[in-house]
Amino acid sequence: MTFDPAPGKPAKPLVTVRDVATRAGVSRATVSYTFTQPDRVSPDLRRRVLAAADELGYVGNDAARRLRVGHSLALGLLVSSVSNPVYAEIAAGAEAEAAAHGRFVLVANSDESRQRERAYLRFFESQQVSGILAIPVAGVPAELTALRRRGTPFVLVGIAEGRHTYPAISGDNERGGHLAASHLLAQGRRRLLFVGGPHPHVDLRLAGAKRAIEESSAPASLEVIRVEVQTAKVGEAVARTLAGRSGPSLPDGIFAGNDLLALGLLHGLITAGTRVPDDLSLVGYDDIEFADFAIVPLTTIRHPSAALGASAVRILLGLEKEKDTEGRFDPELVVRASSLPGTGRKA
């Protein structure tokens, strides 16, 4: 029995590949390639076919297509936390680049859970995605490398630890940390504090800050506070612990592992009566959109997150290689009010 959603009206005929080809003025083979192997079709023809399909309401049979070619038009994007604005920027860059090549992105949030991460990887394999962009919880999971051995490629958006045979792209986090700490030292800050979580990127940012201290011509110190997660709420909690300090035990410059931590620290410090930046300079990392709109605009380290996502897609599609991206994601110091002491600063 055929269900008629509008009783009394004739059912709308099913739109076929032939109909789309006629509307677009192309062959049926071109329509088929547009939906199954889009890289074989020129951008102009692809736009014509997709426009005709939209006008006619054509919906391809993706299940049948996967049986023919062995994979779908979808790419999987695995992120460890969608609450991190950086990952949203990476996703936006990936989706825009994928769309330009007739592909789609399925975003999966593991929410810092290894168990959910494994479940999503199984789901991606069941959907026969063409490839995976991976921002894992911590390190590359064994399930991901097993998927690669079975024919599903992946690109790690992050630091690859040790020797690896898969592509990995990231900004220069060590250099970014060096830029942040060097800036604080240049502002006359000498009692520095680093606040950051357990992540390879953050470890490199700390290493860069330590190198800046070692290279400093003036005596300076660097205290380290490790946190489990890098959120604004955690940053605010750290600020409350600092409020009980005074004199030499209180840092005069803080470098946070990311902007979310820094914004939480900023709120907590100001609430406790600390004058930022007169009493204490603050630097974050990532340059998320909210950094420039804080009550005291946040100095931070910028790296092109959207470009990382776009480049990862191009690598998956074989349009470029990891070595082609060298130097493309270098960090940049963005100086704002949170690190520039005013004339009212106390010595």
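This briefing walks through some helices, strands and loop residues of the structure above. The model is predicted, so please read every feature below with that in mind. Five strands form an open, parallel sheet in the order β2-β1-β3-β4-β5. Elsewhere, strand β6 pairs in the parallel sense with β7 and with β8. Helices α6 and α9 each get a closer look, and three loop residues round things off.

**The open five-stranded sheet**

- Going across this sheet, the strands come in the order β2-β1-β3-β4-β5, and their pairing is parallel.
- The edges belong to β2 and β5 (168-169); each has a single partner strand, so one side of each is left without a neighbour in the sheet.
- Six bridges link β1 and β2, which pair in the parallel sense.
- To find your place in that pairing, look for Gly 76, which stands opposite Leu 106 in β2.

**Helix α6**

- Helix α6 covers residues 114-126, and its 13 residues should span 18 Å at 1.5 Å a residue; the end C-alpha atoms are 19 Å apart, which agrees.
- Which residues of α6 are buried? They are Glu 117, Leu 121 and Phe 124.
- Seen down the helix axis, the buried residues of α6 fall within an arc of 60 degrees, so they line one face of the helix.
- As background, an α-helix has 3.6 residues a turn, so residues three or four places apart point the same way.
- Gln 115 and Arg 122 are exposed, and they sit on the face of α6 turned away from its buried side.
- The cover over the buried residues of α6 includes strands β1 (74-79), β2 (104-109) and β3 (132-134), along with helix α7 (142-149).
- At the N-terminal end, Ser 113 acts as the cap of α6: one of its side-chain oxygens lies 3.3 Å from the backbone nitrogen of Gln 115.

**Strand β6, helix α9 and strand β7**

- Five of the six residues of β6 are buried, so to speak of this strand as mostly covered is fair.
- β6 and β7 run parallel and are joined by six bridges.
- Within that pairing, Leu 192 has Leu 222 in β7 as its bridge partner.
- From β6 the chain crosses through α9 to β7, making a right-handed β-α-β crossover.
- Helix α9 (residues 200-215) has 16 residues; from first to last C-alpha it reaches 23 Å, close to the 22 Å expected at 1.5 Å a residue.
- Buried residues of α9 include Pro 200, His 201, Val 202, Arg 205 and Leu 206, and Gly 208, Ala 209, Ala 212 and Ile 213 are buried there too.
- What do the buried residues of α9 pack against? Their partners are β4 (154-157), α8 (173-186), β6, β7 (221-226) and β8.

**Strand β8 and its two neighbours**

- Strand β8 (residues 253-256) is buried on both sides: Gly 253 and Phe 255 point one way, Ile 254 and Ala 256 point the other way, and all are buried.
- For context, side chains in a regular strand alternate between the two faces of the sheet.
- β6 (residues 191-196) pairs with β8 in the parallel sense over four bridges.
- Two positions help you line up β6 with β8: Leu 192 stands opposite Gly 253, and Leu 193 has Ile 254 as its bridge partner.
- β8 also pairs with β9 (residues 281-283), again in the parallel sense, over three bridges.
- In that pairing, Gly 253 stands opposite Ser 281 in β9.
- Together, β8, helix α11 (residues 259-271) and β9 make a right-handed β-α-β unit.

**Loop residues with notable backbone angles**

- Val 276 and Pro 277 are joined by a cis peptide bond, with omega at about 15 degrees; Pro 277 is in the loop between α11 and β9.
- Gln 128 is not a glycine, yet its phi is positive, near 55 degrees.
- This residue, Gln 128, comes just after α6, in the loop between α6 and β3.
- Is Gln 128 buried, partly exposed or exposed? Gln 128 is partly exposed, with a relative accessible area of 31%.
- Asp 287 is another residue other than glycine with a positive phi, about 55 degrees.
- Asp 287 lies in the loop between β9 and β10 (300-302).
- With a relative accessible area of 13%, Asp 287 is buried.

How values were computed:
Residues are numbered from 1 along each chain as its sequence is written. This is a predicted model: local features need pLDDT of at least 70, side-chain atom pairs count only at pLDDT 80 or more; totals for chains, interfaces and linings use all residues. Side-chain values use heavy atoms; hydrogens and water are left out. The expected span of a helix is 1.5 Å times one less than its number of residues. Buried means under 20% relative accessible area, exposed over 50%, partly exposed in between (1.4 Å probe, protein chains only). The arc is that of the directions from the helix axis to the C-beta atoms. Contact means heavy atoms within 4.5 Å. A polar contact is a pair of N or O atoms within 3.5 Å; within protein, one must be able to donate a hydrogen and the other to accept it, and residues adjacent in sequence count only if both atoms are side-chain atoms. Two strands pair if DSSP finds at least two bridges between them. A crossover is right-handed if, with the strands pointing away from the viewer, the path from the first strand over the helix to the second runs clockwise.
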